[in-house]
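Student: I have a protein model open on my screen, and I would like to learn how to read it feature by feature. Could you walk me through it?

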Amino acid sequence: MTPHDNMMATWKKDPAFRKEYDALAEEFALFDTLVRARQQAGLTQLEVAERMGTKTPAVARLEAGGGRQHHAPSLTTLRKYAAAVGCRLEVKLVPLSTAPQQEGRKSIGNKRPKQMPSHSPGQ
């Protein structure tokens, strides 16, 4: 086990650290996905930067989570990155659980919008 792994294992035992770490899990997954896609394409950060029309440090910051300013990348930037590594960007909304959806449907009354009567052109 590396010193970094040892340090992380120790920190993860702290409930406060674990809570904050888990809250960032989605972001970590995104950055891991970016790096993995670049590596699978066999590209360096320089090559990705050239394909995106940007500089290497911008790609490095994107893959590392934005650096000190922690700037969230735009969909346009993520699309450019995806295209540069031979992928397409796909964004999904995944329900956290089924309970809130069911509650939301109950409160709305589960009504469908009224449909407008259709008219044929001759009427």
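**Reading the model together**

Tutor: Let's begin with a single residue: Thr76 counts as partly exposed, because its relative accessibility is 48%. Thr76 is found in helix α6. Please keep in mind that this is a predicted model.

Student: Good to know. How many helices and how many strands does the chain have?

Tutor: A sensible way in is to list the elements before looking at any side chain. Here the secondary structure comes to seven helices and zero strands. Read from the N terminus, the order is α-α-α-α-α-α-α.

Student: And what share of the chain counts as buried?

Tutor: Of the 123 residues, 15% count as buried. You can also ask how far along the sequence the contacts reach. Among contacts with a separation of 6 or more, 43% are between residues 24 or more positions apart.

Student: Which residues have the most contacts inside the largest nonpolar core?

Tutor: That core has 13 residues, and those with the most contacts inside it are Leu34, Val48, Met52, Val59, Leu62, Tyr81 and Val85. At least two residues of this core come from each of α3 (25-40), α4 (45-52), α5 (56-64) and α6. To get a feel for one member, select Val59: leaving aside neighbours within four places in sequence, Val59 is in contact with Gln45, Val48, Ala49, Met52, Thr54 and Tyr81.

Student: Now the helices themselves. Why do the buried residues of α5 line one face of the helix?

Tutor: Start with the general idea: an α-helix has 3.6 residues a turn, so residues three or four places apart point the same way. Now the case here. The buried residues of α5 are Val59, Leu62 and Glu63. Seen down the axis of α5, these residues fall within an arc of 95°, so they line one face of the helix. Their cover includes α3, α4 and α6.

Student: Which residues of α6 are buried?

Tutor: In α6 the buried residues are Leu78, Tyr81, Ala82 and Ala84. They sit on the same side of α6 because they cover an arc of only 165° around the axis. The buried residues of α6 pack against α3, α4 and α5.

Student: What should I look for where a helix ends?

Tutor: Backbone torsions are worth a check there. Just after α5, Gly65 takes a positive phi of about 100°. A glycine also follows α6: Gly86, whose phi is positive, near 80°.

Student: At what angle do the axes of α5 and α6 cross?

Tutor: They cross at roughly 105°, and the axes come within 12 Å. Since angles of 65 to 115 degrees count as roughly perpendicular, that makes α5 roughly perpendicular to α6. By class, their contact has four nonpolar, one polar and one charged residues. The residues that meet are Val59, Leu62 and Glu63 in α5 and Thr77, Leu78 and Tyr81 in α6.

Student: Glu63 caught my eye. Which residues does Arg38 touch?

Tutor: Arg38 is a nice one to inspect, and its place is in helix α3. Is it buried or exposed? Arg38 counts as buried, because its relative accessibility is 11% and the cut-off for buried is under 20%. Apart from neighbours within four places in sequence, Arg38 is in contact with Leu43, Thr44, Gln45, Val48, Glu63, Tyr81 and Val85.

Student: And where does Cys87 lie?

Tutor: Cys87 lies in the loop between α6 and α7. Cys87 counts as partly exposed, because its relative accessibility is 40%. Its contacts, not counting neighbours within four places in sequence, are Ala37 and Ala82. Cys87 and Arg38 are 49 residues apart in sequence, with 9.5 Å between their C-alpha atoms.

Student: Which residues does Leu89 touch?

Tutor: Leu89 is placed in the loop between α6 (75-84) and α7 (99-108). Leaving out residues up to four places away in sequence, Leu89 touches Leu75, Leu78, Arg79 and Ala82. Leu89 is partly exposed, because its relative accessible area is 29%.

Student: How do the C-alpha distances from Leu89 look?

Tutor: The C-alpha atoms of Leu89 and Leu75 are separated by 8.5 Å, with their positions 14 residues apart along the chain. That brings us back to where we began: Thr76 and Leu89 are 13 residues apart in sequence and 9.6 Å apart in space, C-alpha to C-alpha.

Conventions: Residues numbered from 1 in each chain as written. Predicted model: local features only at pLDDT ≥ 70, side-chain atom pairs only at ≥ 80, totals over all residues. Heavy atoms only, no water. Helix = DSSP H or I, 4+ residues; strand = E, 2+ residues; numbered from the N terminus. Buried < 20%, exposed > 50% of the residue type's maximum accessible area, 1.4 Å probe, protein only. Contact = heavy atoms within 4.5 Å. Core = buried A, V, L, I, M, F, W, Y, C linked by side-chain atoms within 4.5 Å. Axes fitted to C-alpha atoms, helices over the stretch in contact; angles between N-to-C directions. Parallel < 35°, antiparallel > 145°, perpendicular 65-115°, else oblique. Nonpolar A, V, L, I, M, F, W, Y, C, P; charged D, E, K, R; others polar. Arc of directions from axis to C-beta.
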